[in-house]
Amino acid sequence: LEGFAPEVAWVTKAGSSNLERPLAIRPTSESVIYPYFSKWIRSHRDLPLRLNQWCNIIRWEFSCPLPFIRSREFLWQEGHTAHESKEAAESEVEKALNIYKSVYEDLLAVPVVAGKKTKK
C-alpha cells in the first residue's frame with residue numbers, strides 16, 4: 001500500500017461488530033498482482049506475460065476529482081505485463097495506447113489528445 005496511503009479506505013466494522021484487524025480496500029492492483037509475477041515467471045520462456053484486468057477500485061482521494069468526473073468507487077481497466085527488455089515493454093504500451101485511441105476516435109467519435117503519465 002506504500003504510495004497509496006492517502007487514498008486507502010479502511011474497513012473497521014462488519015455490521016455492528018468491530019473487526020479484529022482493519023481491512024484495506026484496494027486502491028490499485030499493483031500491491032496484489034506484482035508479488036505473483038515471481039511465481040508466474042520462472043524463466044525467459046514465460047515472457048512476455050500479459051494480463052488484462054477489469055475491477056472496481058475505491059480511492060479516498062476526493063478533494064478534486066477533476067478533470068475526471070468519478071465517485072470514490074469506479075470501474076478500472078488495468079494492463080500488467082512483463083517483458084524481456086525495456087524496448088519490448090515500451091512497444092507493448094505504444095500498441096495498447098494506439099488501440100485505445102482508435103476505439104475512442106473511430107468507434108466513439110471522441111477526439112483524443114495523447115499525453116504521458118506524470119510521476120505522481
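1. Phenylalanine 37 lies in helix H1, which covers residues 30-40; helices here are DSSP runs of H or I with at least four residues, strands are runs of E with at least two, and both are numbered from the N terminus. With a relative accessible area of 13%, phenylalanine 37 is buried, where buried means under 20% relative accessible area, exposed means over 50%, and partly exposed is in between (1.4 Å probe, protein chains only). Leaving aside neighbours within four places in sequence, phenylalanine 37 is in contact with Leu49, Leu51, His80, Thr81 and Ala82, a contact being heavy atoms within 4.5 Å. For the last of these residues, alanine 82, the C-alpha atom is separated by 8.2 Å from that of phenylalanine 37, although the two residues are 45 apart along the chain.

2. Before going further, please keep in mind that this is a predicted model, in which local features need pLDDT of at least 70, side-chain atom pairs count only at pLDDT 80 or more, and totals for chains, interfaces and linings use all residues. Residues are numbered from 1 along each chain as its sequence is written, and side-chain values use heavy atoms, with hydrogens and water left out.

3. On confidence, the chain averages a pLDDT of 82, and 78% of the residues score at least 70; pLDDT is the predictor's confidence in each residue, from 0 to 100. Among the elements of the chain, the highest mean pLDDT, 93, belongs to H2, whereas strand S4 (residues 73-82) has the lowest, 81.

4. As for the overall layout, the chain has 2 helices and 4 strands, and they follow the pattern β-β-α-β-β-α when read along the sequence. Of the 120 residues in the chain, 16% are buried. Among contacts between residues at least 6 apart in sequence, 46% join residues at least 24 apart.

5. At the start of that pattern, strand S1 (residues 9-14) and strand S2 (residues 17-25) run antiparallel and are joined by 5 bridges; two strands are said to pair if DSSP finds at least two bridges between them. One position to look at is tryptophan 10, whose bridge partner in S2 is alanine 24. The hairpin of S1 and S2 has 2 residues between the strands, and in this hairpin glycine 15 takes a positive phi near 65°.

6. Histidine 80, already met as a contact of phenylalanine 37, has its place in strand S4 and counts as buried at 2% relative accessibility. When residues up to four places away in sequence are not counted, histidine 80 touches Ser29, Glu30, Ile33, Tyr34, Phe37, Leu49, Arg50, Leu51 and Gln53. With one of these, tyrosine 34, the histidine 80 side chain makes a side-chain to side-chain polar contact at 3.1 Å. A polar contact is a pair of N or O atoms within 3.5 Å; within protein, one must be able to donate a hydrogen and the other to accept it, and residues adjacent in sequence count only if both atoms are side-chain atoms.

7. The structure holds 3 salt bridges, each defined as a side-chain nitrogen of Lys or Arg within 4 Å of a carboxyl oxygen of Asp or Glu. In one of them, glutamate 92 pairs with arginine 50, with the closest N and O atoms 2.9 Å apart. This pair links distant parts of the chain, since glutamate 92 is in helix H2 (residues 86-107) and arginine 50 is in strand S3 (residues 49-58), 42 residues apart. Glutamate 92 is buried, at 17% relative accessible area, whereas arginine 50 counts as partly exposed at 49%.

8. Another salt bridge joins glutamate 90 to lysine 86, where the closest N and O atoms are 3.9 Å apart. Because glutamate 90 and lysine 86 are 4 residues apart in helix H2, about one helical turn separates them. Glutamate 90 counts as partly exposed, at 46% relative accessibility, while lysine 86 counts as exposed, at 60%.

9. Glutamate 105 and lysine 101 also form a salt bridge, with the closest N and O atoms 3.6 Å apart, and both lie in helix H2, 4 residues or about one turn of the helix apart. Glutamate 105 is partly exposed at 32% relative accessible area, and lysine 101 is partly exposed at 32%.

10. Both of those residues also meet valine 112, which lies in the segment after H2 and, leaving aside neighbours within four places in sequence, is in contact with Lys101, Tyr104 and Glu105. The C-alpha atoms of valine 112 and lysine 101 are separated by 6.4 Å, the residues being 11 apart along the chain. Valine 112 is partly exposed, with a relative accessible area of 29%.
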